[in-house]
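Here is a short briefing on one helix and one cavity. Keep the sequence and the 3D view open as you read.

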Amino acid sequence: MGSYKESDPTLGFLTKKETEVKLPRSTRVKNKTPAPIQITAEQILREARERQEAEIRPPKQKITDSTELADYRLRKRKEFEDLVRRVRWNVSVWVKYAQWEESQKDFKRARSVWERALEVDYRSHTLWLKYADMEMKNKFINHARNVWDRAVSLLPRVDQLWYKYIHMEEMLGNVAGARQVFERWMQWQPDQQGWRSYIKFELRYNEIDRARQIYEKFVQCHPKVDAWIRYAKFEMKNGEIGRARNVYERAVDKLADDEEAEVLFVAFAEFEERCKESERARCIYKFALDHIPKGRAEEVYKKFVAFEKQYGDKGGIDDAIVGKRRFQYEDEVRKNPLNYDTWFDYIRLEESVGIKDRVREVYERAIANIPPAEEKRYWQRYIYLWINYALYEELDAEDMDRARDVYRECLKLIPHDKFSFAKIWLLAAQFELRQLNLNGAHQILGNAIGRAPKDKIFKKYIEIELQLGNIDRCRKLYEKYLEWSPENCYAWTKFAELERSLCETERARSIYELAIAQPALDMPELLWKAYIDFEIAEGEFENTRALYERLLDRTKHLKVWLSYAKFEASAVEGNGASEMSEDGLEEPSQEKKQVCIQRARRVFEKALNHFRVSAPELKEERAMLLDEWLKMEKDFGEFGDVGLVQVKMPKKLKRRRPLMTEDGPAGFEEYFDYMFPEETQTTNLKILEAAYKWKKQKASADDE
C-alpha cells in the first residue's frame, strides 16, 4: 500500500525514484598532459565500425505448400488490417498494403485496398498516380483509363494527372483519345505550360492548323506578351511572315500599355529587322520610345542604338544616342528633381539637338522645381536655370518677349525681403539696354535699389549713367549709395573722384571731409590715402600736412609716419627759386631741398620719440623706422647725414625664450631682439653699480 501511495498515475503508477535517469559520474582527469600517441577521429570511427555487431535480421521463410502460403497471406493481411485500423490516415501504409496484394497477384484485393484508401483521402494525388500505375503496369488499360478519368474529374488542377493520362494514351497510339483529354483539360484554362504541351503534341503529328487554332485560344486565355511572341515565332518558323506580322500588330493593339510592352516592341522590331524591313523596325522603335514610360525603356534604347549603328546613317545614330542619353537624364531627374546639375546637362543636350519646343519644355520643368527652403545657399544653383533660360530665349530662340517674361517671372519668384541676387537685376537691365529700352532699364535698376540694394547694383547703375553722361543722376545715385552704406570707403572715394574729374575740387574736398568724419568705416586707411593723394595732386601741401597731423592724432602706425616723412622729403614748395637741369627741366634749388630734408628729419624725430617713450615694446617697428631713415639719408646724397642715424641704430641680438604650449613648457625658441644705444648705457651703469656695491660689502667684511 505504501508503494502504491508513492506511485504517480501520470508515470504509469511508477515511483519517481524508478523513473529517474541515473547519469554516469563524470570522470575527473588528473593528468591533462597530451598522450605520446595521438588518436585521430578517423581511427575512432573505424574502430567503432569494426566493433559494431552484425545486424539482426529475421530468417528467410521458405513456403513449401499451399497451406503455408495461405497461413502466410492470412497473417500478413491481419498485420496490414491492424496497421490501417491504427493509422488510417497514413497513406504510405495503404500503399504498402496495396502493393503487397499486387505482389501476390491478387488484383481484386489490391483494387479494393486502393479504393478503401481513396475513401480515406481522395485528394492525395499520390494515391491516384500509384493506383493508375499499378493498372498500367499490369496492362489493365480500361481499368487505368477509369482511374485517370476519376482522378482528373476530382482533381482537375493537378497537372501531373493530366500529363500522365495523356502520356498513356499517346503511348498506346490513341492520338484522338489524347487530343480529347487535352480538350477536356483546356476547358479548365490551365497555365501556359499546359497550352504549350498541347501545341507541341499537335506539332509532333504535323497538325499545323490545329496548332494555330490552339494558339488562338491560348492568347485569348493568357493575353500576355510572352504568349503573343510565341504565337508570332510559330508563324515565322512556318514561313508565314504575313500571319506573324498580323499577330504582332494584334498584340500591339491589345498590349501597348502592358507592363512588359517593351519586350513586345523589341521582338516586333527584331522580326521586321530579320525580314529586311529596316524602316518598319525604325518606326516601331520610335513608336515604342514615345509610348513606353522612361523608367522602363532602357532596353529599348539599347536595342535602338544598336539597330541604328547597324542600319542607320550618321543622323540616325546621333538621334539614337541622344535618345539614350535623354532616357538617362529623365531617370536621374525623376529620382532627384532638385539635382540642378542634372537639369543643366539635360538642357545642354536638348540645346545641342536644337528643337525649340523640347528645350523650352525641359527649361519649364527644371524651373518648376523651386528649392524647398528660402535660404540663399539653396537658390544659388537654381537661379542659373532662369539666367540660362532667358539667355537662350534672347540669343538662340531670338524671342525677346519671352526673354523679358522670363526675367520678370524670375524677379517675382525671388523672396527679396529675405535675400536677392544682384546678377538677375543687372542682367534684366542690360537686356533692356540691348533692346534700347532706357526707361525699362531705369525702372528695373530703380526697383533693385528700392527692394534689394547691393554694392554691385549701385556700381553698375552708376557706371551705366556715367556712360550715358547723366552726371546729376550719378550724384543722386552716390547719395543713395552712401545713405544705404555710409561706412563704404569705396563709395566715398569714387564719389570724390567723380567730382574731381568734373573739376569740382571743393565738392570733392567736402566729400572727403564728410567721409573721414564718419564714425565707422570699413577701410579707413584707403580713404585717408585717397584724400592725401588728392591734396598732393592739387598741390595743397599745407592741407596735406594738416591731414597727416589729423591722421596721427587717430593712429600712430609705422606706415603713417613713413608716408608722412616721404611726403615731406618730396614736397617741394613752388614759390622759391629753382634751377634748370642739363635736360632743360626745372629742378628745385638747394635751399628748397634743405627745407624738405629738415622737415622729413623732424617727422622721423617725432616718430622715433613716440616709439621710444610711448611704445617702447615696439622695438621691431622702431628698428624699421631707423632703417627707412638711414635709407632716405643715403638717397639725399650730399645733403644727407648718415652719421646722424647710425648713432641711433640698434644692435641685433639672437636670444632664446621658453616655448609654452597647452601641455606646459616645450623647449626653447630663438628670436631676434634689438638693443638701442640708450639701453646699452643703462646696462653699463647697472654693472658699475653692482661692482661698487660688491666692493663696499667686501671692505666692510675685512674691517670686521
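## Helix α4 and the cavity

Three residues of α4 are buried: Arg 77, Phe 80 and Val 84. Viewed down the axis of α4, the buried residues fall within an arc of 65 degrees, so they line one face of the helix. The model is predicted.

**Helix α4: length**
- Helix α4 runs over residues 66-86 and has 21 residues.
- From first C-alpha to last, α4 reaches 30 Å.
- That span is close to the 30 Å expected at 1.5 Å a residue.

**Helix α4: two sides**
- The cover over the buried residues of α4 includes α5 and α6.
- The face turned away from the buried side of α4 carries exposed residues.
- These are Leu 74, Lys 78, Arg 85 and Arg 86.

**The cavity**
- The structure holds one cavity of 30 Å³ or more.
- The volume of the largest cavity is about 30 Å³.
- Its lining consists of Arg 88, Trp 89, Val 91, Trp 94, Ala 117, Val 120, Asp 121 and Leu 127.
- Two elements give two or more residues to this lining: α5 (91-103) and α6 (107-120).
- By class, six lining residues are nonpolar and two are charged.
- No polar residue lines the largest cavity.

**Shared elements**
- Helices α5 and α6 appear in both parts of this briefing.
- They are among what covers the buried residues of α4, and each gives two or more residues to the lining of the largest cavity.

Notes. Residues numbered from 1 in each chain as written. Predicted model: local features only at pLDDT ≥ 70, side-chain atom pairs only at ≥ 80, totals over all residues. Heavy atoms only, no water. 1 Å grid on protein atoms, 1.4 Å probe; cavity = no way out; pocket = protein on both sides within 12 Å on 5 of 7 lines; lining within 4 Å. Points joined across faces, edges and corners; volume = space filled by probe spheres on them. Helix = DSSP H or I, 4+ residues; strand = E, 2+ residues; numbered from the N terminus. Nonpolar A, V, L, I, M, F, W, Y, C, P; charged D, E, K, R; others polar. Expected span 1.5 Å × (residues − 1). Buried < 20%, exposed > 50% of the residue type's maximum accessible area, 1.4 Å probe, protein only. Arc of directions from axis to C-beta. Contact = heavy atoms within 4.5 Å.
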